[in-house]
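User: I am new to this structure and would like to see how the terms used for it follow from the computed values. Please take me through the reasoning step by step.

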Amino acid sequence: MSADWLQIARNQAEERFRSLPFPTGKDENFRFTPLEYKPAETGTATGSPLPSDLAKLDSDELALLLLEGEEARFLGATPGFLFTDILRAAALGSDPLRSRLKDDNSFRDDKFAQLTGARWRNGAFLHVPAGVKVAKPLRFVTHAMEAEEHSRHLIVLEEGAELVLVQESWSDEAARFCGELVEVRLGRNSKLHWVTLQQLGRNTEAVIRQRVELAEGAELKLTPLHLGGKLVQVRQEVHLSGEGASLEAQAAARGDGQQHFDFWLDVRHESAGSRSQMDYWFVMAEKAKAVFNGQIEVKHGAADCESSQRSKSLLLGSGAVHSIPKLIIKTDAVKCSHGASVSSVSFEQLHYLQSRGIPRNEAEQMIVRGFTEKVVERLPTESLIDRAETLIENKAGGVHG
């Protein structure tokens, strides 16, 4: 049974969900992404088995957490820190979990976030104490089983902790609606490399909400790779709250068919000397579409900040990308920039490669692969790289597409 405080928090989120209106095309961040929600009856679908390569602990990993609805399975060992599912952490009476979920004020204006906050079934919980440096990557996999599936994750690194964390999500080809709510808190001088490999099924719609807070000197390295799903919207808030905090992101999405990706990124520099660099790469083939709605905000008093935001898109066929960068600067002595480019495979690139004896088809594939290679090469294990490359190659415009 859930703790009383947890059930109260769920009930409060349910009340907020019911009181908030659904967003429409008149809302700026939903202008290109009309989201609909139709409640599904529980037990209306059963997921296919998780692929074996996702469900086994790799030799390069320290631990693996498998999440399937309320069920959780753990492989490996976690000496010196806590890595488990949220339901078990609540039963253990974890103070960091209770302090974050009991009075949660994140995304209070977001109807979909409140829906997940009320109806999540389980999720990952990670608490790394001060000074603990985890030598090998940790990984958790969320397997969507029901027609409607919600999960909640909480990641906490205390002062000086260091970690590589891999998050994977998977579903079969049945029609599903998935909600995900993630909170990451990085303590003073901690370091996190957070890797995401999203490989949801072709008929899954996913609404993902992520809030990250960085204390003084904390460093966050982000590597999201989105390949699956029918419609996927990610709203991410990054608060550089402490002096000298830094964010470095290399992200990519590969779409084909009629896939739709929407990245809604809000980076807030709230203290002096903070840094952020964000590069997003999109390859949209056939009729796939992507939206990049990125905002950098520098608060009053946050002097000596540096921030850059860039999106680069490669269109194949009738694919489309809408890039909407924004800057809100409220102080002096800062360096901020943003940029966006959209292109197709150019004649000049093809001519250059063909002049060196490379056949046209192979030359095109090299150019397309190059757009996501910068992200794939950041993945921390060979098995993860192999999974990502196989998924990419099976996309339209890939090696076998």
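User: What makes α1 roughly antiparallel to α5?

Analyst: In this predicted model, α1 and α5 pack with their axes 7 Å apart and at an angle of about 150 degrees. Angles over 145 degrees count as roughly antiparallel, and therefore α1 is described as roughly antiparallel to α5. The crossing in which α1 passes α5 is left-handed.

User: Which residues meet where α1 packs on α5, and how do they divide by character?

Analyst: From α1 come R10, A13, E14, R16, F17 and R18, and these meet K111, Q114, L115, G117, A118 and R119 of α5. The residues of this contact of α1 with α5 divide into six charged, four nonpolar and two polar.

User: What makes α5 mostly covered?

Analyst: Helix α5 spans residues 111–119, and eight of its nine residues are buried, namely K111, F112, A113, Q114, L115, T116, G117 and A118. These buried residues pack against α1, and also against β6, β8 and β10. At the start of α5, a side-chain oxygen of D110 comes to within 3.0 Å of the backbone nitrogen of F112.

User: Why is S169 called buried?

Analyst: S169, which lies in strand β7, has a relative accessible area of 11%. Buried means under 20%, so S169 with its 11% counts as buried. Leaving aside residues up to four places away in sequence, S169 touches T142, L197, Q198, Q199 and L200.

Definitions and conventions: Residues numbered from 1 in each chain as written. Predicted model: local features only at pLDDT ≥ 70, side-chain atom pairs only at ≥ 80, totals over all residues. Heavy atoms only, no water. Buried < 20%, exposed > 50% of the residue type's maximum accessible area, 1.4 Å probe, protein only. Helix = DSSP H or I, 4+ residues; strand = E, 2+ residues; numbered from the N terminus. Contact = heavy atoms within 4.5 Å. Polar contact = N/O pair within 3.5 Å; in protein donor to acceptor, adjacent residues only side chain to side chain. Axes fitted to C-alpha atoms, helices over the stretch in contact; angles between N-to-C directions. Parallel < 35°, antiparallel > 145°, perpendicular 65-115°, else oblique. Left-handed = near helix turned anticlockwise from the far one by under 90°. Nonpolar A, V, L, I, M, F, W, Y, C, P; charged D, E, K, R; others polar.
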